[in-house]
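The exercises below ask you to read a ligand shell, a helix, a loop and some strand pairings from atomic coordinates. Please work through each task before turning to its solution.

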Amino acid sequence: MSWRDVMCGDPRTEHVGKTLTLGGWADTRRDHGGLVFVDLRDHTGTTQLVINPERSPAAAEVAKEIRNEFVLRARGEVVERAPETVNAAMPTGEVEVQVDDLEIVSRSTPLPFQLDEEGVDENLRLRYRWLDLRTPRMQRNMRLAHTVISSIRRTMDGLGFIDVWTPSMTRGTPEGARDFLVPVRLQPGRFFALAQSPQIFKQLCMIGGLDRYYQIATCWRDEDLRADRQFEFRQLDLEMAFVEREDVLDVLEQVVVEAFAAVGRDAPTRPFPRLTYADALLRYGTDKPDLRFGLEIQDATEVTRGSEFGIFGGAETVRFLTVPRVFSRAELQRLEEIAKEWGAKGLAYLVYEGGEVRSPIAKFLSEAELDAFRAEQGSTVLFGAGDAATVARVLGGMRIHLGRELELASDEELFHWVVDFPLFEIDDDTGNWTFLHHPFTAPIAGHEDRVAGDPGNALSQHYDLVWNGWELGSGSIRIHRADVQQDVFRTMGMTDDEARGKFAFLLDALAMGAPPHGGFAMGIERFLALMADEPNIRQVVAFPKVSSGSDPLTGAPAPAGTEQLRELGIRLVDENPT
Ligand code: ASP
């Protein structure tokens, strides 16, 4: 007997009369007093096996022992089911296999959870991931991942990109996270860092004349794990020479649209809208807005200047949101608590209801102010007052919260670009200027002098791709002049010696004929999770880690043996860590 002639999802009426062998897992077993039914499953579907003691006494003996998830090989005749037993919900539901030979190929211990069980604890699913991978959900996600990644590769290939492998073990790459360090036995006391991204290598590929590079690159970043973050993740990483921003965006839009086509979904409309960073913060309070609903933030700083309501009058920024709903006092109190969690001191409001305005602050507001805020009956105006960053955070958070709560989002898939980010921001820890994206991002044309002279007002050629409020990735046109790169390092507070100490190879390369270039990196798992409509990237990763940073399957990370540590020249501060 061969292992299988057809897959479990294959049998149809055209097979009737044929004797076929099938292999797979026992999905369910039903004993009807003598007659035993087993649904045999593989990734293509299930077929009903019928084991009849009159037809095959030997098979009937074997069938008694079958339990869920045993691996079976069955040989028998495909027959048409009686009309009343046809199962329209199953693609193979018009036929069944009358078994002649049945073999238990492999047994299973009792299962920690049933494959069709709802709400199984995620740690348990991950501990027994090989079982979890057999569920329709994980089968679908893993195959979807493959389809999408194959499509990405085809698109990149079609556009003339070449796949170049870059090292994982390297020097620290500044992407704003902590490095994972790798000790080196041959050079005790020295460490490689696992690449946070192939950023500098891909730039060197451009300087090396490779013209169009891409890679489905694994990146390692020591950051707290979240729904959209793992220690290691993949990026569609790409770089192009002799391009401007629009050339790069065009490639990404093609990648996205073709991936949608590959999974049989309607593609989002191109070109994706472009929104400036300043506009995004002003209107949506975030640089990754969810544009599936309006609820735009409006500015009221001018009209409230000198307001009798002191909190408005003295505030650097006053903005508001008009929500198409009337909130009760209790609801407003709860919204205020939420606003306070984001840094607000309180939550001023105006409720338009019954032809009146209900608000403790209305009496302090001038006619001009009330005119500016006037909204339709049945709405509530919510205010944020304070410094611009806090107001954006509070009202941006409020907008997302209310968008969800009031189910305002349309069911379109909305992609857009955020462009014209600032080049630098102040690092709260050091008080120094630091990069917003990474230090290799070019200023926009005409802002080169601001790098040294007016860093706070230098805009950059950095762009982000956002899908329904998730940041899918970032990229930029890079600095291709060694002097501008030096200026960026200086503005960040590095001496020239420090800069050479870390980046001599890049500075030297930039000084030897660097073409203009730019690129992008799109988070593969984020893209897949959204494609699969999964709330968490763990559901599209075969073997993910949980939020504590460990892997329930293997138990990693694990302590290292004394001998191994000695060889690496490492002594632990705490000999008995918990
Ligand atoms: N290296 C950047 C990142 O990983 C992407 C890029 O600028 O191409 O976010």
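Ala, Val, Leu, Ile, Met, Phe, Trp, Tyr, Cys and Pro count here as nonpolar, Asp, Glu, Lys and Arg as charged, and the others, Gly among them, as polar. The model is predicted, so that local features need pLDDT of at least 70 and side-chain atom pairs count only at pLDDT 80 or more, while totals for chains, interfaces and linings use all residues. Residues are numbered from 1 along each chain as its sequence is written, and side-chain values use heavy atoms, with hydrogens and water left out.

**Exercise 1. The ligand shell**

Determine how the shell around the ligand divides by class, which elements supply it, and which polar side-chain atoms lie by the ligand.

Solution. Begin with the classes: the shell contains two nonpolar, eight polar and four charged residues. A residue is near the ligand if one of its heavy atoms lies within 4 Å of it, and among the 14 residues around the ligand, Glu175, Gln199, Lys202, Arg221 and Arg478 come nearest.

Next, assign the shell to secondary structure, where helices (H or I, at least four residues) and strands (E, at least two) are DSSP runs numbered from the N terminus. At least two shell residues come from each of α5 (199-207), β22 (470-477) and β23 (517-523), and β23 gives the largest share, three residues.

Then look at polar contacts, which are pairs of N or O atoms within 3.5 Å; within protein, one must be able to donate a hydrogen and the other to accept it, and residues adjacent in sequence count only if both atoms are side-chain atoms. A nitrogen atom of the ligand has a polar side-chain atom of Glu175 at 2.6 Å. On the oxygen side, an N or O atom in the side chain of Gln235 is 3.1 Å from an oxygen atom of the ligand, and a polar side-chain atom of His437 lies 3.3 Å from an oxygen atom of the ligand. Of the 270 Å² of accessible area that the ligand has on its own, the protein covers 95%, with areas taken from the Shrake-Rupley method with a 1.4 Å probe and, for residues, only the protein chains shown counting as cover.

**Exercise 2. Helix α5**

How many residues of α5 are buried, and against which elements do they pack?

Solution. First fix the classes: buried means under 20% relative accessible area, exposed over 50%, and partly exposed in between (1.4 Å probe, protein chains only). By this cut-off, seven of the nine residues of α5 are buried, namely Gln199, Ile200, Lys202, Gln203, Cys205, Met206 and Ile207. Contact means heavy atoms within 4.5 Å, and these buried residues pack against β10 (212-220), β11 (232-241), α15 (496-510) and β23. After the helix comes Gly209, whose phi is positive, near 80°.

**Exercise 3. Two residues in one loop**

Establish whether Gly285 and Thr286 are buried or exposed, and list their contacts.

Solution. Gly285 is found in the loop between α7 (277-284) and β13 (297-299), and Thr286 lies in the loop between α7 and β13 as well. Gly285 counts as buried because its relative accessible area is 11%; Thr286 counts as buried because its value is 18%.

Now set aside neighbours within four places in sequence: Gly285 is then in contact with Ala280, Ile297, Ala392, Arg393 and Gly396, whereas Thr286 is in contact with Ala280 and Leu281. The side chain of Thr286 also reaches the backbone nitrogen of Lys288 at 3.0 Å. For C-alpha distances, Gly285 and Glu296 are eleven residues apart along the chain and separated by 9.0 Å, while Thr286 and Ala389, 103 residues apart in sequence, are 9.6 Å apart in space.

**Exercise 4. Strand pairing**

Give the order of the open sheet of three strands and the sense in which β5 pairs with β3 and with β4.

Solution. Two strands pair if DSSP finds at least two bridges between them. The open sheet has the order β7-β9-β8, with antiparallel pairing, and its edge strands, each pairing on one side only, are β7 (169-170) and β8 (181-183). Three bridges join β8 to β9 (residues 191-194), and Val182 stands opposite Phe192 in β9.

Turning to β5 (residues 95-106), its pairing with β3 (residues 45-51) is parallel over two bridges, and Gln98 is the bridge partner of Val50. By contrast, β4 (residues 71-80) and β5 run antiparallel, joined by ten bridges, with Glu80 opposite Val95.
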